[in-house]
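Okay, thanks for coming, everyone. I'll put the structure up and then walk through it piece by piece.

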Amino acid sequence: MERALRKRDEMKYKRATSNFLIRKKVLRLSVFLVGLLFLTESAFAETQSMPACLELLQNRCQSCHYLNRVCQKLEEKSKRRWAATLKRMVKRRGANLSGEEQDFLLDCLATPAPDIKQECGK
Ligand code: HEC
């Protein structure tokens with residue numbers, strides 16, 4: 001009788017520990033998956049922002065003049081002068097850029113991204 005009881009307790013103990021181990025494994029796996037998701041997402045965000053600059057230039061600036069006009073001034077203008085140029089393109093010439101897009105483009109122009117340099121042959 002006592003032996004049977006002990007056997008039952010042993011079984012209970014085994015089940016409890018294996019449940020615990022499974023839970024621990026699941027937890028570890030989900031931490032890993034969440035981490036992976038986070039990593040791929042931030043990598044994705046980075047690759048997303050890279051072509052966006054060039055795309056903006058291609059889509060919003062070429063309607064009036066060749067990109068060449070922008071390229072000529074690449075690495076020539078200071079950030080302040082680029083800000084003034086962008087403002088003029090929007091306010092005086094009628095370029096279609098939101099304030100956010102202007103800020104974004106300003107950074108790409110002041111410190112040209114590799115894809116923009118490449119497009120400009122610099
Ligand atoms: C609606 C027409 C139009 C659009 C769109 C436009 N531009 Fe211009 N851009 C002009 C005109 C007109 C000139 C020449 C007169 C002047 O400089 O204001 C010019 C000249 C320039 C110049 C040479 C003059 C300088 O200040 O260095 C640059 C650089 C330039 N644009 C950049 C841009 C950029 C960057 C964009 C896109 C965000 C853009 N432009 C969009 C009309 C436009």
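**Helix 4 and what packs around it**

So, let's start with helix 4, where the buried residues are Leu105, Cys108 and Leu109. By buried I mean that 20 or more other C-beta atoms lie within 10 Å of the residue's own; exposed means 12 or fewer, partly exposed is in between, and the C-beta atoms are placed from the backbone. Those three cover an arc of only 95 degrees around the axis, so they sit on the same side of helix 4. The arc here is that of the directions from the helix axis to the C-beta atoms. Over on the other side of helix 4, Gly99, Glu100 and Asp103 are exposed.

Quick housekeeping. This is a predicted model, and local features need pLDDT of at least 70, side-chain atom pairs count only at pLDDT 80 or more, and totals for chains, interfaces and linings use all residues. Residues are numbered from 1 along each chain as its sequence is written. Helices are DSSP runs (H or I, at least four residues), as are strands (E, at least two), numbered from the N terminus.

Now, which residues make up the largest nonpolar core? There are nine: Cys53, Leu57, Cys61, Val70, Trp82, Leu105, Cys108, Leu109 and Ile116. A core like that is a set of buried Ala, Val, Leu, Ile, Met, Phe, Trp, Tyr and Cys residues joined through C-beta atoms within 7 Å. Helix 1 (2-60) and helix 4 each give at least two residues to this core, and helix 4 has the largest share, with three.

Let's zoom in on Ile116, which belongs to helix 5 (residues 114-119). Ile116 counts as buried because 22 other C-beta atoms lie within 10 Å. Leaving out residues up to four places away in sequence, Ile116 touches Cys53, Leu54, Leu57 and Cys108; contact means C-beta atoms, placed from the backbone, within 7 Å. Cys53, with neighbours within four places in sequence set aside, contacts Leu105, Cys108, Ala113 and Ile116.

Last stop, the ligand. Of the 17 residues around the ligand, the nearest are Cys61, Cys64, Met89, Arg93 and Ala95. The cut-off for being near is a C-beta atom, placed from the backbone, within 6 Å. Helix 2 (68-73) and helix 3 (79-93) each supply at least two residues of that shell, and helix 3 has the largest share, five residues.

Technical notes:
Contact = placed C-beta atoms within 7 Å.
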